[in-house]
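User: I should like to go through this model and ask, for each term applied to it, what justifies the term. Please begin wherever is convenient.

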Amino acid sequence: MVNTEIFIKNAVERIKREASGKTLVALSGGVDSSICVVLAHKAIGKLLVPVYIDTGLMREGETERIKETFKHVNLQVINGKDRFLQALKGTTDPEEKRKIVGEIFIRIFEEEARKRDIRYLIQGTIYPDRIESEGGIKSHHNVGGLPTNIDFDKIIEPIDELYKDEVRDVARALKLPPEISERMPFPGPGLAVRIIGEVTEEKLEVVRKANAIVEEELLEKYEPWQTFAALLEKGTGVKGDTRVHGWIIAVRAVTSRDAMTANAMQLPWSTLQKIEARITQEIPTVTRVLYDLTPKPPATIEFE
Ligand code: XMP
């Protein structure tokens, strides 16, 4: 377990030492990048430029929440929605999708950096991201999926030795509000990895609504380590007298310590039934809802 006071002191010193000019922090709104913003703010004050990109792959209400939470740090909000969707068009391979998202992220940051003459980039990569990428399990967008010709003098990863529970300890020690310190992880490539195959606006809309329902039903009551909905494929269903081809939604709720391993939560049947009923009623194009029982390994937490 990390000593938070010492960690914060060292991290602030490290940022001071390594970021000797205007520095961009990519804020996603999750706990990792949020503590990076706070640490960097302590270290370099006004040299810090926090940037948030609305990828169009975010959860319902996410961008508005982030704007509100970080209104005091002069957050730069960039609308990248069309660019991400356009680039993802026609791509079905999961690793390819991650790389595309990662590449556009970094290109947008580079463009911002050039406009504002910023030489340094801080990223909220944590330990499990780093070793999973090094081990070739998956290219996390903020590690393995990065393009190689990055136009910054330096990329600083101040929390790359922390596990997730340690990140939360640091967030509490930094007095971040519980909405951030206790917030469940959300992948960098966003809803793109919760859609099997090609990302389209229609699928995004369906999976976004399904995620909101799952969170409403499970987050507060069961406190899962992570919970979400993924959109799989289409399957046959029936509406009235007609057979229709509707979306299949998978619900995932897991317990975990650090995302390296995970177990499916044992949820009450009545809760699962309520989720199924809400999803199929509130999103009429969904005709089937599944609950994923698989631990990690052999599955991963996300679907792609
Ligand atoms: P998996 O699916 O690999 O996920 O079991 C482990 C944890 O990491 C999150 N995740 C990501 N986080 N960029 C991130 O910052 C990513 O590309 C990414 N992919 C997965 C996932 O939500 C889970 O908490």
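Analyst: Proline 298 is a suitable starting point: this residue lies in the segment after strand 9. The model is a predicted one. Proline 297 is also found in the segment after strand 9 (286–291).

User: What makes the peptide bond from proline 297 to proline 298 cis?

Analyst: Its omega is near 10 degrees, and the bond is accordingly listed as cis. A cis peptide bond also joins lysine 296 and proline 297, with omega of about -15 degrees.

User: What is noted about phi of asparagine 74?

Analyst: Phi of asparagine 74 is near 55 degrees, a positive value in a residue other than glycine. Asparagine 74 is located in the loop between helix 3 and strand 3.

User: How do you know that strand 2 and strand 3 pair, and in which sense?

Analyst: Pairing requires at least two bridges between the strands. Strand 2 (residues 48–54) and strand 3 have four bridges, in the parallel sense, so the criterion of at least two is met. One bridge joins isoleucine 53 to its partner in strand 3, isoleucine 78.

User: Why are strand 3 and strand 5 called edge strands?

Analyst: The open sheet has five strands in the order 3-2-1-4-5, with parallel pairing. Strand 3 (76–79) and strand 5 (154–156) each pair on one side only, and are the edge strands. From one strand to the next, the twist averages 30 degrees. Helix 2 (residues 31–44) packs on this sheet, touching strand 1 (23–26), strand 2 and strand 4 (120–122). The direction of helix 2 makes about 160 degrees with that of strand 1.

User: How is the packing of helix 4 and helix 5 described?

Analyst: Helix 4 (residues 81–88) and helix 5 (residues 94–116) pack at an angle of about 145 degrees, with their axes 10 Å apart. Their crossing is right-handed. Among the residues making the contact are Phe84 and Leu88 of helix 4, and Ile104 and Ile108 of helix 5. By class, the residues of this contact are eight nonpolar, no polar and four charged.

User: Which residues lie nearest the centre of the largest pocket, and what makes a residue part of the lining?

Analyst: A lining residue has an atom within 4 Å of a point of the pocket. The lining of the largest pocket has 25 residues, and Glu179, Arg183, Met184, Glu215 and Leu219 lie nearest its centre. The pocket holds about 810 Å³ of space. Helix 9 gives the largest share of the lining, seven residues. The lining comprises nine nonpolar, three polar and 13 charged residues.

Conventions: Residues are numbered from 1 along each chain as its sequence is written. This is a predicted model: local features need pLDDT of at least 70, side-chain atom pairs count only at pLDDT 80 or more; totals for chains, interfaces and linings use all residues. Side-chain values use heavy atoms; hydrogens and water are left out. Axes are lines fitted to C-alpha atoms, for helices over the stretch in contact, and angles run from 0 to 180 degrees between N-to-C directions. Contact means heavy atoms within 4.5 Å. A crossing is left-handed if the near helix is turned anticlockwise from the far one by less than a right angle, and right-handed if clockwise. Ala, Val, Leu, Ile, Met, Phe, Trp, Tyr, Cys and Pro count as nonpolar, Asp, Glu, Lys and Arg as charged, and the others, Gly among them, as polar. On a 1 Å grid over the protein atoms alone, a cavity is a set of points where a 1.4 Å probe fits but cannot get out, and a pocket is an open set with protein on both sides within 12 Å along at least five of seven lines; lining residues have an atom within 4 Å of a point. Grid points are joined across faces, edges and corners, and a volume is the space filled by probe spheres set on the points.
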